[in-house]
Amino acid sequence: MARGLELVSAPVTEPLIHLITDLSSLQRGLASMSGRVAIDTEFHSEHVYYPRLHLVQLRGEDGPALLVDPHAITDLRSIGKLLDGRTLLIHSASHDLSILRRAVGLNPKPEEVVDPQILAGFVGLGFPRSLTDLSRELLGEELPPSSSMSDWSKRPLTDEQRRYAAMDVLHLHALTDALERRLAGRPHHRWARACAAEINSAALHGEDPELLWRRIPGAAILDGRGRAALRALVIWREATAIRNNQPRFQIASDGSLLDVARRAPTSLTELSQNRRLPRRLAKDQADEVMAALHVAAALPEEALPPPVITRGAAARADAILAAWALIVEEREGIAAELLLPPDLRREIAVRWTRREAIVIPGWRSEAIGDEVRGVLAGQIGLFLRA
């Protein structure tokens with residue numbers, strides 16, 4: 001047997017599982033894979049900004065599942081190079097793409113990644129659905145009990161861990177095919193692919209700080225200057241978390257940033273007046289915090305962020321759109337969360353209250369553009385039916 005390649009004992013009815021622990025075995029395994037490639041990862045995200053990768057699972061159209069051990073192979077760039085331009089199957093891809101980009105140099109075009117979880121959201125199966133549920137429902141396959149919360153950093157991996165990890169890629173081809181058969185010939189297929197590309201792109205390029213600050217509970221109480229301060233502080237926290245490879249909450253809690261933005265201190269003395277403010281904000285990082293606040297304070301009025309809706313006409317429009325999306329989910333089989341995500345729904349509601357043009361981007365313009373405008377114009381009514 002080749003050094004660095006281990007066969008996991010399994011019944012003859014199960015596909016082979018290869019544990020890859022050296023670079024030459026990895027390169028041979030990658031070279032032998034044909035067609036689309038299924039990928040998954042096992043990682044720990046506790047106490048870090050960038051999750052720690054502990055296993056990469058791969059499988060081509062047929063053949064064994066490859067379990068690649070990053071503990072044994074420190075340079076995984078072969079994976080990124082040999083998969084360049086290939087169609088990739090990744091369930092719940094947004095959780096894996098940023099890890100794979102950083103760890104193995106994988107940088108696919110967003111449209112090259114097919115996510116069965118999103119496909120399921122366009123055929124009436126709901127979103128998000130677990131791989132276990134979809135495999136049982138569509139393939140009649142019962143996956144092993146979850147080991148996702150086990151300690152993937154320990155070596156050697158147990159047989160249970162290896163089988164669990166392998167099953168995450170062994171059924172992805174068949175599952176994707178089953179979903180795409182249901183979508184064939186319908187515009188939902190194009191929409192699902194476009195929706196996946198949109199979500200994949202966000203995963204590859206990181207979250208928009210403009211959206212991050214607006215999701216902070218309490219942001220709606222701030223005036224324009226306060227919103228500008230909170231946005232600047234969130235951008236500073238994100239950059240600091242990335243630089244130090246720490247979770248956001250270890251840099252500063254949402255509540256701490258909201259308090260600073262609300263008080264808008266103009267000096268280090270004023271900054272430290274809240275006795276509950278963590279020392280790292282009031283003293284250790286005070287200069288950086290004040291620099292962010294000065295940037296916000298210097299913005300002209302027209303550059304201040306718009307309000308966060310919680311009440312009034314915009315909130316009512318948001319609620320109506322949310323209810324309408326659930327009705328369309330039942331009618332068309334497209335999950336409401338994918339059809340009209342909360343951030344987009346709120347943006348549309350705010351535009352409507354300001355009498356601005358309602359912009360429905362991308363595939364949604366074809367799928368729901370006219371209906372959204374009809375709902376907001378009162379031309380389409382919503383009715384309860386038991």
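Where does P128 lie? P128 sits in the loop between α4 (116–120) and α5 (131–139). The legends below describe a predicted model.

**Figure 1. The whole chain, with 19 helices and seven strands.** The C-alpha trace of the protein chain spans about 70 × 55 × 35 Å along its principal axes. Of the 386 residues, 47% are buried. Among contacts with a separation of 6 or more, 65% join residues 24 or more positions apart. The chain exposes about 19,200 Å². Carbon and sulfur atoms supply 52% of that area. There are 48 positive and 50 negative side chains. The centres of these two sets lie 4 Å apart.

**Figure 2. The cis peptide bond between F127 and P128.** Omega for this bond is about -5°. P128 belongs to the loop that runs between α4 (116–120) and α5 (131–139). Most peptide bonds are trans.

**Figure 3. The cis peptide bond between R155 and P156.** Here omega is about 0°. P156 is placed in the loop between α5 and α6 (159–170). R155 also appears in the next view, as one of the contacts of H71.

**Figure 4. H71 and its contacts.** H71 is found in the loop between β5 (65–68) and α2 (77–82). Its relative accessible area is 37%, so H71 is partly exposed. Neighbours within four places in sequence are left aside in this view. H71 is then in contact with H54, W152, S153 and R155. D84 is 13 residues from H71 along the chain. The C-alpha atoms of H71 and D84 are separated by 23 Å.

**Figure 5. The salt bridge between E366 and R190.** A search of the whole structure finds 25 salt bridges, and this view takes one of them. The closest N and O atoms of E366 and R190 are 2.9 Å apart. This pair links distant parts of the chain, with the two positions 176 residues apart in numbering. E366 is in helix α19 (residues 363–376), and R190 is in helix α8 (residues 187–205). R190 has 48% relative accessibility and therefore counts as partly exposed.

**Figure 6. D254 and R237, joined by a salt bridge.** The N to O distance is 2.9 Å. The pair links distant parts of the chain, 17 residues apart. D254 is in helix α12 (residues 254–263), while R237 is in helix α10 (residues 224–244). Is R237 buried or exposed? At 5% relative accessibility, R237 counts as buried. D254 is partly exposed, at 32%. Side chains of opposite charge can pair when their charged atoms come close.

**Figure 7. R262 and D259, a salt bridge in helix α12.** The side chains meet at 3.0 Å, N to O. The two residues are three apart in the helix, so about one helical turn separates them. D259 has a relative accessible area of 11% and is therefore buried. Elsewhere, salt bridges that share partners join E347, R351, R354 and E356 into one network.

**Figure 8. N245, a residue with positive phi.** N245 is not a glycine, yet its phi is about 50°. N245 is found in the loop between α10 and α11 (248–251). At 30% relative accessibility, N245 counts as partly exposed. Most residues other than glycine have a negative phi.

**Figure 9. A264, also with positive phi.** Phi is about 50° at A264, although A264 is not a glycine. A264 lies in the loop between α12 and α13 (268–271). The relative accessible area of A264 is 42%, so A264 is partly exposed.

**Figure 10. A nonpolar surface patch made by I320, I327 and L382.** The patch covers about 220 Å². Which helix holds I320? I320 lies in helix α16 (residues 312–332). I320 has 41% relative accessibility and therefore counts as partly exposed.

Definitions and conventions:
Residues numbered from 1 in each chain as written. Predicted model: local features only at pLDDT ≥ 70, side-chain atom pairs only at ≥ 80, totals over all residues. Heavy atoms only, no water. Helix = DSSP H or I, 4+ residues; strand = E, 2+ residues; numbered from the N terminus. Buried < 20%, exposed > 50% of the residue type's maximum accessible area, 1.4 Å probe, protein only. Contact = heavy atoms within 4.5 Å. Areas by Shrake-Rupley, 256 points an atom, 1.4 Å probe, with all protein chains shown as cover. Lys, Arg positive; Asp, Glu negative; His and termini not counted. Charge placed at Lys NZ, Arg CZ, Asp CG, Glu CD. Patch = residues over 30% accessible without salt bridge, like charges linked within 9 Å, V, L, I, M, F, W, Y side chains within 5 Å. Salt bridge = Lys/Arg side-chain N within 4 Å of Asp/Glu carboxyl O.
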